[in-house]
Amino acid sequence: MYRTGDVCRRRPDGDLVFVGRTDREVKVRGYRVDPVGVERVIEGFPGVGRSAVLARETPAGTALVAAVRPDGAREEAELLDALRAHLRERLPGYAVPQPVVALDAFPTGPNGKLDRARLAEAVDAALEERARRTAPDGPDPEAGPLVRAIAELWAGALGLSSVGPGADVLELGGDSLLAMRTVAFLRRAGLRVAFEDFYRHPTPELLASAARPGAGDPAERAPHREHARALAPAQRWLLRQPVADTRHWNQSVLLRCAAPVDAPALTAAVRAVLERHPALRTPVGPGGPGRPRPAKDLPAVSFSRLPGEPGRAAGVVGGVCTELHRGLDPASGLLLRAHLFTGHPDGGDRLAVIAHHLAVDGLSWRILLDDLAHAYRAALSGKEAALPPTADFYRWAALAPRAPGAADHPPPGGAAPDPARPTALVWSLDAAATDRLVDRHGHGQDLEAFLLAAFADAVLDRGGRTRLEVEVETHGRDTSDAGHAYMDTVGWFTAAKRVGLDRADGGPARRARAVRRLLREAPELPMDSPGPRPEAGFNFLGAFRPPGDPSLGWTVAPEQAGNARCAGGDPLQLLRLTARVVEGRLVADLVYAWPDLSHEDAAGVLSGFGRRVAAEARAQPPAHTRSPVSTSGQPMLHGAPRDGAAVRVLREPARVLLTGATGYLGTHLLGALLERGAEVTCLVRADGDADAARRVGAGTGGVEAVAGDVTREGLGLSGEGLRRVRGVHAVVHAAADVRLVAPPDELERVNAAAVRTLVSWIDAEVPGARLHHLSTLAVCGGVEGPARRFGEADLHIGQSFRTPYERTKFAAEEIVRSWAASGRQCYVHRSGHIAAHSRTGAFQSNVSDNRVYQLVRGYVLAGAAPRRPSTSFVFSHVDTVAAGIAAIATHPCAAPGAYHVESPHQVPHDELVAWLARHGYPVALTGDEAFAAALARAEPDHPTEIRLASAWSQLEERNVVVDSSRTVSVLDRAGVRFAAPTPRWWSAALGWAARTGFLPPVAVHDGATAR
């Protein structure tokens, strides 16, 4: 049994009601402290006549303060200095009162007992007097800006009205937490200070004088001359692993935000973090890093609203976060995403921060979250974040020691072998037991050594072996003055030590000392060091706590931010134990490769580890929990994710407002939405609702129609029409003017201005509805110079446009992206050539406006086509495009962002021409001169058709490589797959075009004509 000290009364139904406590125990920094025990230690010190320890509330949380009454035997200053040293030797750091105040007398009540309320007032008055000794009217106006800024920071943190330039912060209650805040504050100002400087120079004046230029030095933040090609050792290691999808190898944190999050301020804050840390926006791959992308060009922030039912929230959070993990794109420079979930049933927003491991490590998260909190507070107050630049990560990478035999540019990892299934077990101690463990071993190397020893002994006992080889991760940063510039840099610095642990006798303390000595003596190796990798991994991440600003109310959320690793890349060892202290609780997770390691053996290892740790903490060993998803890449793991993270999310029928339902794609999209169970209302240009219903066949099968026009104010809806569309969950905007050549003002009105009207209407009439905007891959335009990749995360790639249509669709995406950044849930669906139906070959009625068909008609009429061996066509069948968009639009866990709903199959130009001949059109492949002559011969009879074909055949290549691989995998999981074009399909498409009169009929040998 464990006596908690809580006083309760039992209700008739058996429930316990908390009444109070039998002691004066308080919680400081997550640790329970009994002031009575601290008072005994103080009163046992010579020279102290009486003492009282109080809990003082400050903006930074609860702090202990001690009041003492000297007995007069020693000078007051000498007594207080000696007493502080005495307390530091005998109490854990969190239990040492700071400050200690000397009083001549303690106030008492009528019965002679200590009056703690009046004593607290006396202590506050003494602290204010101590802080004002050099500042009778607040901060000295003659002090420099930095001195005043430090004084204001300390006054705010300590709950004082002011702090003078010469006031000693340690005498006012300054502690290690305030030291960390101060160092972070000065580093953000571009100054370098060490943690020791806070104690060596404990006044605003002295500390300001000690600060010196830090990572803001241009020599430190300038890229190294090899920057364009240098990868860090850990990056080289990952990129040569046989991982199924290296884009999905991430880390993430999920925060609960007690205060509602302001969407524009969050967007500004994330942008400020990206600006400060170029590694988070630098394209990177096996060939090395590229040039950092502008932060404003990256869609790094997104938003969604959770369902109101408590049982569904965890599943949706986990599902959306997993899709966000899959959506990171290192090749495009999208290595960080922040996603805000609003509407959680417990009243707290959820903020997911997801980063690719290529750009972060465990220490990076402390820097990243602290910068994010600072920038967010600044944005809330309407100020610039003013985060100073840091030392360049890729400069460090270029100068980092190379492992012998390590390649500068590793070849991409080969195909992953048949993967073992990643399985995770989670175990944790409560806060009280963690306190006792930390009392014995601290938070640092001693605790790491003890936990490693417990893990190794558990594995050895279970397996019956005498020796275990373990890879122990280290932060990899140089903590000397030479490497100090990189202590604020975000990047993947991780290194490793490989140690062999033998079975050993002796107590845990002796064992831990031996392991610590072994770790200290083991060489630190780059991650890409050659040689066999140990099958067991261990990583102690230290203590984590979200930025402690009470105004933000950020705590670790109970849910997990999805699955951070692809199944084929997790784990890369047989078993790996990761431990950390999160918000005062030790949490450990064991991720192992099943069936290579059996469930029984894994459970035995973690149980053995838990027994050893719990015994050291004087606690009963808690049971472990099997996680429904892998816990890899979760540095602030709070515990086993709720079961909802792995269950199938039930889908309610989506209510959709569809524009463009009478168009070629819109017609198929309407059918696909209905197949997915959606209830669809179509916005149709018509003379009235009845005419609109007639045009789309509304009234049956879950389809309704209202008359309206996206180019008109209020979408041109009548009062009744507006009533019928209120309450929609999603707006799917398929309406567009798709003419490649048309008056620019008409294209601007329909393709861009109408989008601006639509998003304003959503804000006014259906706030919270998610927008699915249908765009085109033509927004990639064309680029000069080397070919440029265009992924889902890209929009601005320095392109130019061929037609007004491309330009207006690009402008529409800019409108949507800007609107999304203000807190809206938005999706963009890009497609290239939307081709004929995959089975029937039927195409749109305005086939004469289609570029590919215009080109093919010219080939048929001329009887010739130019050889283009490097040119290919992509045919995305209209029915499959519609099915893909509908699958994303109706899925409750689809991640906001851009999707390339495009076929992965290509047909070479010359092969397509061969299919023409196979169908029956006598088209011959020729050189350019012969083709020009054939066009000239056909032009008198078909002037318009030949001129169009000639123009399209001479069009320069876009010089852009479209990457749709992420969307292809998303659709594959949804059961939507593009069929590869075949000669049979091409014949069906050509036959349809001939029957409509667009193409001439195919002649047959008996004089008849083919149909």
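Biologist: Quick one to start: which residue stands opposite Val731 of β28?
Modeller: That's Leu657. Bear in mind that this is a predicted model. The pair belongs to β25 (residues 655-659) and β28, which run parallel and share 4 bridges.

Biologist: And what does β28 pair with besides that, say around His733?
Modeller: His733 stands opposite His773 in β29. Strand β29 covers residues 770-776, and its pairing with β28 is parallel too, over 4 bridges.

Biologist: Are the faces of β28 covered or open?
Modeller: Covered, both of them. Ala730 and Val732 are buried on one side, and Val731 and His733 are buried on the other.

Biologist: Let's switch to the sheet with β10 in it. What's the strand order?
Modeller: The order is β13-β14-β15-β10-β21, so to speak an open sheet of 5 strands with mixed pairing. The edges are β13 (301-305) and β21 (554-556), each pairing on one side only. On average, neighbouring strands are turned by 25 degrees against each other, ignoring direction.

Biologist: How do β14 and β15 pair?
Modeller: Antiparallel, over 6 bridges, with β14 spanning residues 336-342 and β15 spanning 349-356. One bridge to look at is Leu336 with Ala355 in β15.

Biologist: Which helix packs on that sheet?
Modeller: Helix α10, residues 263-276. It touches β13, β14 and β15, and its direction makes about 150 degrees with that of β13.

Biologist: On to helix pairs. How do α15 and α17 cross?
Modeller: At roughly 140 degrees, with the axes coming within 8 Å. Helix α15 is residues 445-463 and α17 is 599-616. That angle makes the two helices oblique to each other, and the crossing is right-handed.

Biologist: Which residues meet there?
Modeller: Quite a list, including Phe450, Leu451, Ala454 and Phe455 from α15, and Gly604, Val605, Gly608 and Phe609 from α17. There are charged ones as well, among them Asp457, Asp461 and Arg462 in α15 and Glu600, Asp601, Arg612 and Glu616 in α17. By class, the contact has 9 nonpolar, 2 polar and 7 charged residues.

Biologist: What about α23 and α25, how do they cross?
Modeller: Their axes come within 12 Å and cross at roughly 55 degrees; α23 is residues 851-862 and α25 is 909-919. They are oblique to each other, in a right-handed crossing. Val856, Tyr859 and Val860 of α23 touch His909, Val913 and Leu916 of α25. That contact counts 5 nonpolar, 1 polar and no charged residues.

Biologist: Now the backbone oddities. Which residues does the cis bond at Pro99 join?
Modeller: Gln98 and Pro99, with omega near 10 degrees. Pro99 lies in the loop between α2 (76-90) and β7 (100-102). A cis bond also joins Trp594 and Pro595, with omega about 10 degrees. Pro595 is in the loop between β23 (585-594) and α17.

Biologist: Why flag those bonds at all?
Modeller: Because most peptide bonds are trans, and likewise most residues other than glycine have a negative phi.

Biologist: On that second point, what is the phi of Glu583?
Modeller: Positive, about 50 degrees, although Glu583 is not a glycine. Glu583 is in the loop between β22 (575-582) and β23.

Biologist: And Leu715, where is that?
Modeller: In the loop between β27 (703-707) and α20 (719-725). Leu715 has a positive phi as well, about 60 degrees.

Biologist: Is Leu715 buried or exposed?
Modeller: Buried, at 0% relative accessibility. Glu583 is partly exposed, with a relative accessible area of 21%.

How values were computed: Residues numbered from 1 in each chain as written. Predicted model: local features only at pLDDT ≥ 70, side-chain atom pairs only at ≥ 80, totals over all residues. Heavy atoms only, no water. Axes fitted to C-alpha atoms, helices over the stretch in contact; angles between N-to-C directions. Parallel < 35°, antiparallel > 145°, perpendicular 65-115°, else oblique. Left-handed = near helix turned anticlockwise from the far one by under 90°. Contact = heavy atoms within 4.5 Å. Nonpolar A, V, L, I, M, F, W, Y, C, P; charged D, E, K, R; others polar. Pairing = 2+ DSSP bridges. Buried < 20%, exposed > 50% of the residue type's maximum accessible area, 1.4 Å probe, protein only.
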